[in-house]
Amino acid sequence: MKAFRKIGLAAVTATAVAAPVAAETELTMYYPIAVGGALTQVVDGIVADFEAANPDIKVNAIYSGNYDDTRVRALSALASGEPAQLAVMFSIDAYDLIEQDLVVAFDDIKGVDAGWLDSFYPALMANGNIEGKTWGIPFQRSTIVAYYNKDMFKAAGLDPNSPPTTWDEMISMGKALTKDGAYGLMIPSTGYPYWMFQALAIQNGKEVMSNDGLTTYFDDPTVIETLEFWKSLSQEHGIMPTGTVEWGTLRQAFLEGQTAMMWHSTGNLTAVKNNASFDFGVAELPANVRKGSPTGGGNFYVFKDTSPEEQAAALKLIEFMTSPEQAAAWSIGTGYMGVSPAAYETDALKTYTQEFPPALVARNQLENAVAEFSTFETARVREGLNNAIQAALTNTKSAADALAEAQASAVRLLRDYQ
Amino acid sequence: MKLFSKNIEAIGAIILAIVWVSPLLFAFWAAFHSTSDAVNFNISSPWTLSNFQTAWVGAPWLQYFSNTFLLVTVILIGQFFVTTLAGFAFAQIQFPGRDFVFILVLMQLFILPEVLIVENYVMVSRLGLFDTILGVGMPYMASAFGIFLMRQAFKGIPKELHEAARVEGCTWLGILWRVYVPLARPTYIAYALVSVSTHWNNFLWPLIVTNSPETRPLTVGLSIFGAPENGVDISVISAATMMSVAPLLIAFLVFQKQFVQAFLRTGIK
Amino acid sequence: MSDIVANERRRQALYGWIMLSPAAILLTTFAFYPSLATFWTSLFSRETRRRPSEFKGIGNYTDLFADPTFLKVVTNNLIYAFSTIPISIIIALAMALWANSKIPARGFIRTAYFTPTVLPMIAAANLWLFFYTPGFGVLDQIGGFFGIPSINWLGQPQTALWSVIIVTIWKEAGFFMIFYLAALQTIPEDLKEAADIEGCSRWTYTRRVIIPLLMPTTLFIMVNALINSVKLIDHLFILTKGGPNDASKLVLYYIWEMAFAFFDAPHAAALTILVLAVLGVVAGIKFTILDKRTHYQ
């Protein structure tokens, strides 16, 4: 009996002591790892550090595949009533997410600091700025860069430290490099053809969409000329394979020496660096009328169906994960860009970029970067553009016809939003 | 001449067999060699386990494996329960509307859960079963194929046994449990093997319904692993593929006869 | 007396319905109700923030028929079905005849033919990706050995669908072989002996005796294969995602894409109803015409 009272007393005391501790906020975050595999552990490490510094917040970081998979996952979860507070999704999903009333603007979250919103590279904020507010915070961002095989350059009698800076140079060097069964250049046209096409279009002086998500310019003469140029690289100049070039195996093809130059995301940088058996370089994309590349990659979004406490906690997590130190570590580990100028001022990134200058190319290109292709109904409009590109490259349709069709369907899809 | 044509046939059959296993053989080979060696078919290049290491840490395969195991078990138990009761009802109990309902059941053979994917997804969410193993398994438990099979099996059991148990005073359920179920054991085993292999390999519905590694089965895990944004690494993907097909493949190779018999049995109508 | 009988009948009916209830509930929840709900959804427009859903009648259906992707997808699926079904049946029949005959290494052959069946389609797609990769993929390397230039199997519209078809045939033929094997083993040996006595050649025997006797199995397999040609699209996720330019997109994949990538549930529902209608017609044919030949107890 006495023991019972003792235990009872202990239990009451324990509860009394425990009571003042605040209830934990639990966050579920979906994220894509765009380079495959082992980096989920890096994310788990970052999350653990955050939880240690913030004992009242618990984070479930769920790896959900590539960007498309992550979008489907996160939205499935929301539609089925499961809680998810934030996710890293394509920067270009912003219009659709807003249209479906799924996300909150960062300006509307309590405790957000306007200065913090300004601390990121403006070019990276472009896709997230809609209707005057900020809807996405950059996390793993990229531009397209040109990787080139210095050994193959030397073998062709070209200066390995002077990659092409104009379209004409690209063609003439490409021709010199196309020999012995290898090609001079490969630009992927599966996976994300619209992304590569945007780069070419901006280099030719024309954006393919307006920045309010309502208009596309697919059938503009400059744009048609751009697609014909892309086509000519294989059909006329012979420096690229005919048909489509596969996105998924392009990196391997480059590593196997099947092409001397490749256009790909800077997110491939670490993988190429670790696996190349030859001397390689990374350059900004060549110019025609001007230099340029679209940005790419994923932003943080906070979902609307969240309580103010959850939003504040999510904000803290995002601030942590995009802080200069974390951004630097992420950039070194993946090849994606540091998302703020401050990230490049950290010792870690300073040392790394000194030893490995190619890591700066994507950042330098930000000066000439444009927002990635994004409109309302973005998936369907984008699909139309992708199909047009593939149709032209496989010679199923002429560039003009294919783009005219894509423009017609884009106009039809966007009509209701204007 | 007859011998010649016989030999030609034998050779043809063997060549076809080799062609048929070649994708598996190549993947097996690629899994154990570095990507560059694999792709260039350097026959004498060294064997390596590094792809398996990379693949292993790249995703929680053990979790996926246990999820899949749990999933096929839950589905099988559910199927046994539902199809036994329904099959018995159709086989041995007379009640009005029986034939009409049986036709409705047969219709389910064509109303595939995969085709109704959007509405079923809504339904599962409404039941609160989204992202649970039960949610993945439930649409498959009332298997029209299984009901049909059990009905056939139960119909084949001699009426005398049924009557004998009746006389002893058993209830319907008692008769079912003591007479029919034990005698239909071969059918149960056959059906189990078919069901397990089917649901072990199912992809589209689990893709939609599972959202986290705690419920994700091997097929979905493999597809996520194999479709990263920036490019595929053939050797690592081959290693991951080998790891995920190994359990069922080894089980098949060891229990070949039973597997084939099972499919044979369910095929004979 | 009749009271007792009536009571007994009522009790039986009760028992019957109780035993059926789990199946009935599940089938209603996951088959019948969703079919009706899908039909209902297909009659409304898509709901977004700016425009709530409104009744559209057959508007979604007319949209589909005006959609060039829809026509392409249906054409693709028809080509897909009408090539995978006959080709895999013929190969399956050959496999079964061989696996059933007295040739050496019969066990190995049967195992080899059946192995693809125990693999998930996702894994099969991964394996074939290795084959189809342009340049350093297996097929191109073998072709290069013979001087054939590299072909972008999955990357050009002319070959993308056929590449997908080959993977399906590879996966399915072994499965169908089993059904033929089962049927072959029920054919009595004396038939063969009788044919031998009559001086029949093996080929004639096969053509005139075996194939007709296997007709019920062939029909069974055809229905199975038809259903699979609608529902088996896993490999698209790995190989082509429907491209290039929708050249290899199949109906179920388009349904998934509309629902989960484009957030367009109503159009996905309309297409689903069309698919169900076609499957229903096939079911009707099977249960009336075909079943006159095969006798169910």
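How many bridges join strand β8 (residues 183-186) of chain A to β9(A), and do the two strands run parallel or antiparallel? Three bridges join β8(A) to β9(A), and the two strands run parallel. The model is predicted. This report starts from that strand pair, then takes up a glycine of chain A, the two domains of chain A, and finally chains B and C.

**Strand β9 of chain A**

Strand β9(A) covers residues 259-265. Seven of its seven residues are buried, so the strand is largely enclosed by the rest of the structure. In the pairing with β8(A), L185(A) has M261(A) of β9(A) as its bridge partner. Strand β7 (residues 137-149) of chain A also pairs with β9(A), here in the antiparallel sense and over five bridges. Opposite H264(A) in β9(A) stands V145(A). β9(A) is thus paired in the parallel sense with β8(A) and in the antiparallel sense with β7(A).

**G335 of chain A**

Where does G335(A) lie? G335(A) is in the loop between α14 and α15 (341-345) of chain A. The residue comes just after α14(A) and takes a positive phi of about 100°. Is G335(A) buried or exposed? With 26 other C-beta atoms within 10 Å, and 20 or more being the cut-off, G335(A) counts as buried.

Leaving aside neighbours within four places in sequence, the contacts of G335(A) are T266(A), G267(A), N268(A), L269(A) and T270(A). R141(A) is 194 residues from G335(A) in sequence, yet the C-alpha to C-alpha distance between them is 9.3 Å. In α14(A) itself, the buried residues include Q326(A), A327(A), A328(A) and A329(A). W330(A), S331(A) and T334(A) of α14(A) are buried as well.

**Two domains in chain A**

The domain assignment splits chain A into domain 1 (9-141 + 296-362) and domain 2 (142-295 + 371-417). The C-alpha centres of these two domains of chain A are 30 Å apart. Across the boundary, 25 residues of domain 1 of chain A are in contact with 25 residues of domain 2 of chain A.

Which elements give two or more residues to the domain 1 side of this contact in chain A? They are α4 (94-99), α6 (122-125), β11 (293-303), α14 (324-334) and α17 (361-365) of chain A. α4(A) gives the most to that side, with four residues. By class, the side of domain 1 of chain A that touches domain 2 of chain A holds 14 nonpolar, seven polar and four charged residues.

**Chains B and C**

Chain B has 15 helices and zero strands, and chain C has 13 helices and zero strands. Why is chain C described as more spread out than a compact globule? Its radius of gyration is 25 Å, well over the 19 Å that the globule rule gives for 297 residues, so chain C is more spread out than a compact globule. For chain B the radius of gyration is 23 Å, whereas a compact globule of 269 residues would have one near 18 Å.

The table sets out the dimensions and burial of the two chains.

| Property | Value |
|---|---|
| Chain B, span of the C-alpha trace along its principal axes | about 75 × 65 × 30 Å |
| Chain C, box filled by the C-alpha atoms along the principal axes | roughly 80 × 75 × 30 Å |
| Chain B, buried residues | 52% of 269 residues |
| Chain C, buried residues | 46% of 297 residues |

Contacts between residues at least 6 apart in sequence were also classed by separation. In chain B, 76% of these contacts join residues at least 24 apart. In chain C, 68% of them do so.

**Contacts of chain C**

Chain C touches both of the other chains named here. With chain B, 68 residues of chain C are in contact with 73 residues of chain B. Helix α1 (residues 2-41) of chain C gives the most to the side of chain C that touches chain B, with 18 residues. That side divides into 54 nonpolar, 12 polar and two charged residues.

With chain A, 18 residues of chain C are in contact with 21 residues of chain A. The side of chain C that touches chain A consists of eight nonpolar, eight polar and two charged residues.

Terms used
Residues are numbered from 1 along each chain as its sequence is written. Chains are lettered from A and ligands numbered from 1 in the order in which they are written. This is a predicted model: local features need pLDDT of at least 70, side-chain atom pairs count only at pLDDT 80 or more; totals for chains, interfaces and linings use all residues. Domain bounds come from an automatic or database domain assignment. Two residues are in contact if their C-beta atoms, placed from the backbone, lie within 7 Å. Ala, Val, Leu, Ile, Met, Phe, Trp, Tyr, Cys and Pro count as nonpolar, Asp, Glu, Lys and Arg as charged, and the others, Gly among them, as polar. A residue is buried if 20 or more other C-beta atoms lie within 10 Å of its own, exposed if 12 or fewer, and partly exposed in between; C-beta atoms are placed from the backbone. Two strands pair if DSSP finds at least two bridges between them. The radius of gyration is taken over C-alpha atoms; the globule rule is 2.2 Å times the number of residues to the power 0.38.
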